[in-house]
Amino acid sequence: MAETTTPVDTVTELARRFAAGDGAGAAALFHDEIRIEQPASLPHGGWWSGRAGMAGMGAAFGEHWTRTIADPRISGDDATVTQVTTQTWTSVATGRSATVDVAELFSFRDGLISQIRVFQQDTHLLLGLLKD
């Protein structure tokens with residue numbers, strides 16, 4: 001990313017790359033010491049650190065879910081960016097799906113995304129999809 005890129009531009013580009021299926025391009029926007037927090041109540045929940053942590057989180061997520069992400073709404077300033085998306089999560093085990101909004105708070109270091117805190121609208125609804 002160019003030095004004149006704002007944090008909002010970076011998250012907008014991240015959303016574009018994810019939507020295009022460009023996982024490697026999306027990962028290039030992450031700081032080497034990236035940290036991400038998912039709600040502890042979810043099977044892939046907790047803090048994940050570094051690129052290995054991101055891979056581990058993705059693997060843990062993939063054991064339980066597939067999802068589609070739509071309608072990113074992005075706003076913020078030089079310190080924090082918020083993205084709200086509409087996501088449809090499908091349980092790998094049951095095939096059942098639910099749609100929730102997901103809010104993410106992004107922090108930055110050295111022009112790259114250094115932290116993401118994720119807040120799913122209804123984790124109880126999502127967990128219910130995993131049960132027969």
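Helices (H or I, at least four residues) and strands (E, at least two) are DSSP runs, numbered from the N terminus. This is a predicted model, in which local features need pLDDT of at least 70, side-chain atom pairs count only at pLDDT 80 or more, and totals for chains, interfaces and linings use all residues. Residues are numbered from 1 along each chain as its sequence is written, and side-chain values use heavy atoms, with hydrogens and water left out.

**Exercise 1. Check the span of helix H1 (residues 7-19), then look at what follows the helix.**

Let's start with the ruler: the expected span of a helix is 1.5 Å times one less than its number of residues. For the 13 residues of H1 this should give 18 Å. The end C-alpha atoms of H1 are 18 Å apart, which agrees. Finally, step just past H1: Gly21 has a positive phi of about 80 degrees there.

**Exercise 2. Which residues of H1 are buried, and which elements do they pack against?**

Buried means under 20% relative accessible area, exposed over 50%, and partly exposed in between (1.4 Å probe, protein chains only). In H1, the buried residues are Pro7, Thr10, Val11, Glu13, Leu14, Ala15 and Arg17. Their packing partners are helix H2 (23-27) and the strands S1 (30-38), S3 (65-76), S4 (81-91), S5 (97-109) and S6 (112-120).

**Exercise 3. Find what surrounds Glu104 in strand S5.**

First, look for an opposite charge (Lys and Arg count as positive, Asp and Glu as negative; His and the chain ends are not counted). Glu104 is buried, and the nearest side chain of opposite charge, Arg67, is 6.1 Å away. A salt bridge needs a side-chain nitrogen of Lys or Arg within 4 Å of a carboxyl oxygen of Asp or Glu, and Glu104 has none.

Next, list the contacts (heavy atoms within 4.5 Å). Leaving aside neighbours within four places in sequence, Glu104 is in contact with Val81, Thr82, Gln83, Ile116, Arg117 and Val118.

**Exercise 4. How many aromatic pairs does the structure hold?**

Rings of Phe, Tyr and Trp (its six-membered ring) pair if their centres lie within 6.5 Å; planes under 30 degrees apart count as stacked, over 60 as edge-to-face and the rest as tilted. The structure holds two such pairs. Phe61 and Trp89 pair edge-to-face, 5.1 Å centre to centre with 75 degrees between the planes. Phe61 lies in helix H3 (residues 50-64) and Trp89 in strand S4, so this pair ties together parts 28 residues apart in sequence. Trp65 and Trp89 have ring centres 5.0 Å apart and planes at 70 degrees, so they too are edge-to-face. To finish, put the pairs together: they link Phe61, Trp65 and Trp89 into a cluster.
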